[in-house]
Amino acid sequence: MKAYAVIVAGGKGLRMGGEVPKQFLPIEGKPILMHTIEAFRKAIEGIGIVLVLPAAQQEYWHELCKTYQFDSPKLIANGGETRFQSVRNGLALLPDDAGAVVGIHDGVRPYVSKDTILRCFAAAAEGKAVVPVVPVVETVRQILPDGTSVTRPRDEYRLVQTPQTFPLALLKEAYHRPYSEAFTDDASVVEAMGKKITMVEGNRENIKITTPSDLRF
């Protein structure tokens, strides 16, 4: 089985409050994005990686790679106006390999564990559409149309992470459809085809670094 990862790093970092996009901010001695790429390289030997970056950030990325002596993925796609377009651009660089599996991962989730990655790819190799999830630990309240709210049982909900992982042919087919605002992640695109989604265990540390407090954590 050939494995691929499309790592989407198209964020402008506005919620982080600085001029440097969040995927390039350093943690533990090097940029977040480098940690993320290394997590997949360490988990699956020989994995093919496509990096999705805005065209305006690619020169800066290559300079960072020289500074940190980091081996950048050879395949780099341009980020789009939406995450949907960014993923589609990344998938376009992959061959039409009927037996391959692909995981789509947020570039600012550097602490995805090896076990999470392997669980996702193993399930997708069985033909499943896979998302890693963790339980909801806080109480959940739903806001109703009239402005009131009600408590919902948290054991009926899960928090979804990445890598969301699929047979490559299935995901390419799903991304041929027109964009919809209902597509909040890759699983929702595949669900629109009528494909059921399989949940596997994620890891709690696999947070998406979005705000300054996330970075400190």
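Start by selecting residues 32-43, which make up helix 1 in this predicted model. With 12 residues at 1.5 Å each, helix 1 should span 16 Å, and the distance between its end C-alpha atoms is 17 Å, so expectation and model agree.

Keep that selection and colour it by burial. Buried residues in helix 1 are I32, L33, M34, H35, T36, I37, E38, A39, F40 and A43. Because 10 of its 12 residues are buried, helix 1 is largely enclosed by the rest of the structure.

Next, add residues 58-68, which form helix 2. How do the two axes cross, and within what distance do they come? They come within 11 Å and cross at roughly 75°. Helix 1 is therefore roughly perpendicular to helix 2.

Now show side chains where the two helices meet. From helix 1, pick L33, M34 and I37; from helix 2, pick W61, L64, C65 and Y68, which they contact. The residues of this contact are seven nonpolar, with no polar and no charged ones. On the helix 1 side, L33, M34 and I37 also belong to the buried set. A handy reminder while you rotate the view: an α-helix has 3.6 residues a turn, so residues three or four places apart point the same way.

Finally, zoom out to the whole protein. You will find seven helices and 12 strands. The radius of gyration is 17 Å, close to the 17 Å from the globule rule for 217 residues, so the protein is as compact as a globular protein of that length. Along the principal axes, its C-alpha atoms fill a box of roughly 55 × 40 × 35 Å. Of the 217 residues, 47% count as buried.

Terms used:
Residues are numbered from 1 along each chain as its sequence is written. This is a predicted model: local features need pLDDT of at least 70, side-chain atom pairs count only at pLDDT 80 or more; totals for chains, interfaces and linings use all residues. Side-chain values use heavy atoms; hydrogens and water are left out. Helices (H or I, at least four residues) and strands (E, at least two) are DSSP runs, numbered from the N terminus. The expected span of a helix is 1.5 Å times one less than its number of residues. Buried means under 20% relative accessible area, exposed over 50%, partly exposed in between (1.4 Å probe, protein chains only). Axes are lines fitted to C-alpha atoms, for helices over the stretch in contact, and angles run from 0 to 180 degrees between N-to-C directions. Angles under 35 degrees count as roughly parallel, over 145 as roughly antiparallel, 65 to 115 as roughly perpendicular and the rest as oblique. Contact means heavy atoms within 4.5 Å. Ala, Val, Leu, Ile, Met, Phe, Trp, Tyr, Cys and Pro count as nonpolar, Asp, Glu, Lys and Arg as charged, and the others, Gly among them, as polar. The radius of gyration is taken over C-alpha atoms; the globule rule is 2.2 Å times the number of residues to the power 0.38.
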